[in-house]
Amino acid sequence: MSKRPAPPLEPAAGNGLLDRRLFLGAGLAGAALSSAGAAAEPLAVPPWSLAPGAPFNAYGSPSKFEAPAVRKWVPPINPATPGIGASRTPHAMLEGMITPSGLHFERSHAGVPAIDPAQHRLAIHGLVRQPLVFTVEALSRYPMTSRIAFVECGGNSGFLSQPLAQPPGPPPDAQSIHGLLSCSEWTGVKLSTLLDEAGIDPRAHWIYAEGADSAGMSRSIPLAKAMEDTLVCLYQNGERIRPENGYPLRLLVPGYSGNMNVKWLRRIKLVAGPVMTKDETSKYTVLLASGKAWQFVFPLEVKSLITRPSPGAGLKGPGYYEISGMAWSGNGRIKTVEVSADGGASWAPAALAEPILPKAVTRFRMPWNWSGAPAVLQSRAADETGMVQPSRAAMLAERGMRGQYHVNCIQSWGINDKGEAANVFV
Ligand SMILES: Nc1nc2c(c(=O)[nH]1)N[C@H]1C(S)=C(S)[C@@H](COP(=O)(O)O)O[C@H]1N2
Ligand SMILES: [Mo]
């Protein structure tokens, strides 16, 4: 066996962060790391069973040996309307960039409608040469485009600016604080194709998009964005979109506030200006410390989150670990993610996992040699437009403590001497 070069074990920042190039070097069982407490065991495998395995499944499900990864939600305030609210993605149990469809978060203003695709229609009208009505069947014959994109509710992570507004319950974790973010591969028809077919009147500068749920949830979207990269989606991660995520049709407005990704899409009206729906006036605006609010703030700003370790997914004793997390930006690609193990006193660059796609989740990884002493883990992402995540203090100085939308400040996980992680405000 040829000897591989020893991995670079130079500390990259305080409190045990190692060089990200560690991944390019030898495995952890190498002598250099066993002293750092890597978890390799002596060579021994259990004997295999000669009994034949189980037969086939019509639809697969996770291993029975895994603790189930499940979406969680806060019980409804009004039991008569259990469909109003949101369920959240369990980030600490997932890896990579794609959220399994069954764990994509769900946010509904009036529950999930049961829509028969044979009866459903999408109308395009308003300032167009020729109004059009599409069946789902007709749309599925158009040229399709696929892209990987995150959907994030504008209210995600609101806890970090409104810690007292949260209901009592278990200590906050990656799921409860940041679970209104998921990332899928979406497939559908470019909205520009359909708008070109309808013929855009030069007086049109915005579109109004409306859902078929009883909330009639609706938003105004600039025409330029509708033409740039907005998709009318039929598929999510290869399957028809799940009912809770907008079956049979949903709008994907990449990088823009989750609310604008209208589910159960039934109507697009071309209009001269924004129509001021309830969801773009009282809601989904960015409240400032002054009491004024920014309206029509669309792209979700650069953000990141360490998912392992995180609350409920702690450390099992001192030694080597790989810190793993997600970074994303509604303005484009992730450029860098830095990690700190000493509460922001020193930072080291994390390794970014390919592919690094615009407006999609990018996985980052960082080797860490935990000494067993308390630590505060943070990640700080920057995107290709030069935007960097603010500290929580900087964000609150600008916004105050009453806003709950577009919260993208740095998250801090405190690690105690038992290896347990908890949200901390530093
Ligand atoms: N028709 C309709 N579209 C909707 C909503 C809704 O309640 N009704 N919720 C919006 C909100 S607030 C968000 S964050 C996203 C959530 O998408 P998801 O449920 O697929 O995660 O859908 C948006 N689209
Ligand atoms: Mo949302």
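A charge is said to sit over a ring if NZ of Lys or CZ of Arg is within 6 Å of the ring centre and within 35 degrees of the ring normal. In this predicted model, arginine 392 fits that description: it lies over the face of phenylalanine 425, at 3.7 Å from the ring centre. Lysine 225 offers another case, with its charged end over the ring of tyrosine 256, 4.4 Å from the centre of that ring.

Tyrosine 256 also leads into the aromatic pairs. Two rings are described by how far apart their centres are and by the angle between their planes. Searching the whole structure turns up eight aromatic pairs. Take tryptophan 206 and phenylalanine 296: their ring centres are 5.3 Å apart and their planes meet at 55°, so this pair counts as tilted. The label follows from the cut-offs, because planes under 30 degrees apart count as stacked, over 60 as edge-to-face and the rest as tilted. Along the chain these two partners are distant, with their positions 90 residues apart. Tryptophan 206 belongs to strand β10 (residues 206-211), while phenylalanine 296 is in the loop between β17 (293-294) and β18 (303-308).

How do the two partners compare in accessibility? Tryptophan 206 has a relative accessibility of 16%, so it counts as buried. Phenylalanine 296 comes out at 24% and is therefore partly exposed. The dividing value here is 20%, since buried means under 20% relative accessible area.

Tyrosine 256, the residue under the charged end of lysine 225, makes an aromatic pair with phenylalanine 298. This one is stacked, at 5.4 Å centre to centre and 20° between the planes. It again links distant parts of the chain, 42 residues apart. Tyrosine 256 is in the loop between β14 (250-252) and β15 (265-271), and phenylalanine 298 is in the loop between β17 and β18. Both tyrosine 256 and phenylalanine 298 are buried. Put the two pairs side by side and a bigger picture appears: Trp206, Tyr256, Phe296 and Phe298 make up one aromatic cluster.

Next come the strands. One open sheet has three of them, in the order β3-β4-β5, and the pairing is antiparallel. The edges are taken by β3 (72-73) and β5 (106-108). Each of these has a single partner strand, so one of its sides has no neighbour in the sheet. Strand β4 (residues 85-88) is joined to β5 by three bridges. Within that stretch, glycine 85 is found opposite serine 108 in β5.

What about the nonpolar interior? The largest nonpolar core has 43 residues, and those with the most contacts inside it are Leu17, Ile323, Val339, Val361, Trp368 and Ile415. Strand β19 (residues 319-328) supplies five residues, the largest share of this core. The core also draws on two domains, with at least three residues from each of domain 1 (121-288) and domain 2 (303-423). A second, separate core has 35 residues, among them Leu132, Tyr142, Val189 and Val271.

The backbone has a few spots worth a look. Most peptide bonds are trans, and most residues other than glycine have a negative phi. Against that background, the bond joining arginine 308 and proline 309 is cis, with omega of about -5°. Proline 309 is in the loop between β18 and β19. Another cis peptide bond joins glutamate 354 and proline 355, and its omega is also about -5°. Here the proline lies in the loop between β22 (351-352) and β23 (362-370).

Positive phi values turn up as well. Tryptophan 264, which is not a glycine, has phi near 50°. This residue is in the loop between β14 and β15, and at 1% relative accessibility it counts as buried. Methionine 276 has a positive phi of about 60°, again without being a glycine. The loop between β15 and β16 (286-287) is where methionine 276 is found. With a relative accessible area of 43%, methionine 276 is partly exposed.

One last loop residue is phenylalanine 159, placed between β8 (145-152) and α3 (174-178). At 11% relative accessibility, phenylalanine 159 counts as buried. Its C-alpha atom is 8.8 Å from that of histidine 178, and the two residues are 19 residues apart along the chain.

Technical notes. Residues numbered from 1 in each chain as written. Chains lettered and ligands numbered in written order. Predicted model: local features only at pLDDT ≥ 70, side-chain atom pairs only at ≥ 80, totals over all residues. Heavy atoms only, no water. Phe/Tyr/Trp six-rings, centres within 6.5 Å; stacked < 30°, edge-to-face > 60°. Helix = DSSP H or I, 4+ residues; strand = E, 2+ residues; numbered from the N terminus. Buried < 20%, exposed > 50% of the residue type's maximum accessible area, 1.4 Å probe, protein only. Pairing = 2+ DSSP bridges. Core = buried A, V, L, I, M, F, W, Y, C linked by side-chain atoms within 4.5 Å. Domains from an automatic or database assignment.
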